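Here is a short set of exercises to work through with the model open beside you. Try each task before reading its solution.

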Amino acid sequence: AHLDRIAAVDTDLHAFLHVAGDAALATAARIDAQRAAGEALGPLAGVPIAIKDVLATQDMPTTAGSKILEGWIPPYDATVVARLRAAGLVPLGKTNMDEFAMGSSTEHSAYGVTRNPWDRDRIPGGSGGGSAAAVSAYEAPLALGSDTGGSIRQPAAVTGSVGVKPTYGGVSRYGAIALASSLDQVGPVSRTVYDSALLHDVIGGHDPLDSTSLSDSWPSMAAAARAGLADGALKGVRVGVIKELSGDGFQAGVSQRFTETLALMSAAGAEIVEVSAPNFEYAVAAYYLILPAEASSNLARFDSVRFGIRVNPAEGSLTSERVMAATREAGFGPEVKRRIILGTYALSTGYYDAYYGSAQKVRTLIQRDFEAAFAQVDVLVSPSAPTTAFKFGEKLDDPMAMYLNDVTTIPANLAGVPGMSLPIGLAPEDGLPVGLQIMAPAKADARLYTVGAAIE
Ligand code: GLN
């Protein structure tokens, strides 16, 4: 049924870069046979899932939305992919994304845009617009995304879906093509909070193949979500409204739905307090130094030898340096080049302390803002994004406008804390989905599911 739905709508939406087709049917048939034979099945056996193309899959091409990886089939599965296969989920295919996950609109994909199912002239968010659009358009009940600065939460918000960025280290990054290694986290996208919890339970937990993976044992996120459905689940929960992430600069209908949601939470017994996070004001600036710095280093591996395409220079000698330059010139898009230049500059001798060093100090101040806030409240909330889905082209030629769209989501990545976006209705002025962001202290991901399920 999901493959039929993809065939019916995806020519127009273009959420998928690759559809597994017969391979998905074969996996489903194998699970059916196991069921018929009375074999023990994984917890989500037979449930289809879409996978962001940043995750390595050994049976499907993996491009990260870039020409430089066109046609590359990895020799191994990302840990999260291996875990979902082991749980019996059925991969439906790979979803579109901004090139190397750089962007907030999926317009930076080398393979064309994905349309927002709510309004096809608008962006589905980014970088994981394909995963969010696929879930929103009923092409898949679940999807995997990656979130470095909001790429799960913001697409979820603008497509009326649920998306979760787990605590840094809570979900393995092994086989997730790196954007900024100190910020990247893989997480679920779904239509309900409970569905994300079920998927989180499958993909989460320690992985010896990821040196930043936490060795903690985690409570069941699904049980936490079920607890949120009980009467009185919000009673006494202290909810902090981040002063710096509300009011000015937010679309009127976004603020309206946010305020209404706070009133509903208060009526359900939550204690709503305003908290200040004074250094959040510098989060976007710090992020857009730290991210390009890490990305410029990570992307050095695309050298025309180890992965993907190779392009020879139009004339002259074929030295490895000239082939590498020609390949990177042809293989990387403009946003990727912009960030490589920014990052290389920020890390260069003489500028390192002024740019990268300062940004790291700001990062510490933001972490302290979170610590101070969580000393007063159980969860922090804000709108997930300043606006609803914007139109194609609206911010494409203005990188700063695109970057500022991430103001709400970036702080959680800089501090490593978990964040969720869930739908809270439509903005009256344009009829488009609005998302609520909930953040919790590091390792308290379960709290997001309880509070999220209670609000939903
Ligand atoms: N919009 C952010 C950026 O362009 C988000 C990236 C992400 O989370 N992968 O960097």
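**Exercise 1.** Which residues of β2 lie on one side and which on the other, and are they buried or exposed?

*Solution.* A word on the ground rules: this is a predicted model, in which local features need pLDDT of at least 70 and side-chain atom pairs count only at pLDDT 80 or more, while totals for chains, interfaces and linings use all residues. Residues are numbered from 1 along each chain as its sequence is written.

Step 1: locate strand β2, residues 48–52. Helices (H or I, at least four residues) and strands (E, at least two) are DSSP runs, numbered from the N terminus.

Step 2: recall that side chains in a regular strand alternate between the two faces of the sheet.

Step 3: sort the residues. Pro48, Ala50 and Lys52 take one side, Ile49 and Ile51 the other, and all are buried. Buried means that 20 or more other C-beta atoms lie within 10 Å of a residue's own; 12 or fewer make it exposed, anything in between partly exposed, with C-beta atoms placed from the backbone.

Step 4: find the neighbour. β2 pairs with β3 in the parallel sense over five bridges, and Lys52 has Thr95 as its bridge partner there. Strands pair if DSSP finds at least two bridges between them.

**Exercise 2.** Place β6 among its partners, then step back to the sheet.

*Solution.* Step 1: strand β6 spans residues 185–190, and six of its six residues are buried.

Step 2: β4 (residues 142–147) pairs with β6 in the antiparallel sense over six bridges; Ala143 is bridged to Val189.

Step 3: β5 (residues 162–165) also runs antiparallel to β6, over two bridges, with Val162 opposite Ser190.

Step 4: write out the open sheet of eleven strands, which has mixed pairing and the order β1-β3-β2-β4-β6-β5-β10-β11-β9-β7-β8. β1 (16–19) and β8 (271–275) are at the edges with a single partner strand each, so one side of each has no neighbour in the sheet. On average, neighbouring strands of this sheet are turned by 30° against each other, direction ignored.

**Exercise 3.** Classify two helix pairs by their crossing angles.

*Solution.* Step 1: two packed helices are described by the angle between their axes and the distance between the axes. Here axes are lines fitted to C-alpha atoms, for helices over the stretch in contact, and angles run from 0 to 180 degrees between N-to-C directions.

Step 2: the axes of α9 (residues 283–298) and α12 (residues 353–374) come within 9 Å and cross at roughly 125°. The two are therefore oblique, given that angles under 35 degrees count as roughly parallel, over 145 as roughly antiparallel, 65 to 115 as roughly perpendicular and the rest as oblique.

Step 3: α6 (residues 193–203) and α15 (residues 445–455) pack at about 160°, axes 9 Å apart, and are therefore roughly antiparallel.

Step 4: add the handedness. α9 passes α12 in a left-handed crossing, and α6 passes α15 in a left-handed crossing too. Left-handed means that the near helix is turned anticlockwise from the far one by less than a right angle; clockwise would be right-handed.

**Exercise 4.** Is Gly112 buried or exposed?

*Solution.* Step 1: find Gly112 in the loop between β3 (90–95) and α4 (129–136).

Step 2: count its neighbours. Gly112 has 11 C-beta neighbours inside 10 Å and therefore counts as exposed.
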